[in-house]
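Subject: Structure handover

Hello,

Here is the structure for your files. My notes on what was found in it follow below.

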Amino acid sequence: MMMPDGAGRGAMLEEAMRELEAAIHDARVAFDCIGLGEIDRAHTSAVTARIAIDAAMTAMQAALAQTPSQAPSQPAASD
C-alpha cells in the first residue's frame, strides 16, 4: 500500500498512520491463520491488531487535542 507523504502532518498523525498500517497487517495475518486452521496464532494476531488500533486512536485524540498554535501550519487562503 502506498502511503501519502507526511507533508503538513504532525507527529501524532504520522504515528496514527503507522499504527493503522500495523493493524492492517496483523488483521490480514489473523485472517490467513483462520483459513489455515491456526486459531491460536489468529487470536494473537487479532489481539495485536486491536492494540495497534487503540494506539492509533490515542494518537489521533492527541492530535485533535492540540491547540491551533500547536497544529501544523496551513497556508492562508487567498482573498
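Angles over 145 degrees between helix axes count as roughly antiparallel, and those under 35 degrees as roughly parallel. That cut-off is needed for the helix pair discussed below. Please keep in mind that this is a predicted model.

Overall make-up

The chain has 79 residues, of which 20% count as buried. It contains 2 helices and 0 strands. About 6,000 Å² of the chain is exposed, and 62% of that area comes from carbon and sulfur atoms. Taking contacts between residues at least 6 apart in sequence, 51% link residues at least 24 apart.

The helix pair

Two packed helices are described by the angle between their axes and the distance between the axes. Here, helix α1 covers residues 11–36 and helix α2 covers residues 39–65. Their axes come within 7 Å of each other, and the crossing angle is roughly 165 degrees. With angles over 145 degrees counted as roughly antiparallel, α1 and α2 are therefore roughly antiparallel to each other. The crossing of α1 and α2 is left-handed. Sorted by class, the residues in the contact of α1 with α2 are 23 nonpolar, 2 polar and 4 charged.

Two buried alanines

Ala-16 belongs to helix α1, and Ala-56 to helix α2. Is Ala-16 buried or exposed? Ala-16 has a relative accessible area of 3%. Buried means under 20%, so Ala-16 is buried. By the cut-off of under 20%, Ala-56 also counts as buried, at 0% relative accessibility.

Which residues does Ala-16 contact, once its neighbours within four places in sequence are set aside? They are Ala-56, Ala-59 and Met-60. From the other helix, Ala-56 touches Ala-16, Glu-19 and Leu-20, again without counting residues up to four places away in sequence. The contact between Ala-16 and Ala-56 thus appears in both lists.

Two C-alpha distances go with these residues. Ala-16 and Ala-55 are 39 residues apart along the chain, and their C-alpha atoms are separated by 7.2 Å. For Ala-56 and Ala-23, 33 residues apart along the chain, the C-alpha separation is 9.1 Å.

Two further residues of α1

Ile-24 lies in helix α1. Its relative accessibility is 31%; partly exposed covers values between the buried limit of 20% and the exposed limit of 50%, so Ile-24 counts as partly exposed. Between the C-alpha atoms of Ile-24 and Arg-50 there are 9.9 Å, with the two residues 26 apart along the chain.

Phe-31 is found in helix α1 as well. The relative accessible area of Phe-31 is 63%. Exposed means over 50%, so Phe-31 is exposed. Phe-31 and Ser-45 are 14 residues apart in sequence, and their C-alpha atoms are 8.8 Å apart in space.

Regards

Conventions: Residues are numbered from 1 along each chain as its sequence is written. This is a predicted model: local features need pLDDT of at least 70, side-chain atom pairs count only at pLDDT 80 or more; totals for chains, interfaces and linings use all residues. Side-chain values use heavy atoms; hydrogens and water are left out. Axes are lines fitted to C-alpha atoms, for helices over the stretch in contact, and angles run from 0 to 180 degrees between N-to-C directions. Helices (H or I, at least four residues) and strands (E, at least two) are DSSP runs, numbered from the N terminus. Angles under 35 degrees count as roughly parallel, over 145 as roughly antiparallel, 65 to 115 as roughly perpendicular and the rest as oblique. A crossing is left-handed if the near helix is turned anticlockwise from the far one by less than a right angle, and right-handed if clockwise. Ala, Val, Leu, Ile, Met, Phe, Trp, Tyr, Cys and Pro count as nonpolar, Asp, Glu, Lys and Arg as charged, and the others, Gly among them, as polar. Buried means under 20% relative accessible area, exposed over 50%, partly exposed in between (1.4 Å probe, protein chains only). Contact means heavy atoms within 4.5 Å. Accessible areas come from the Shrake-Rupley method with a 1.4 Å probe; for residues, only the protein chains shown count as cover.
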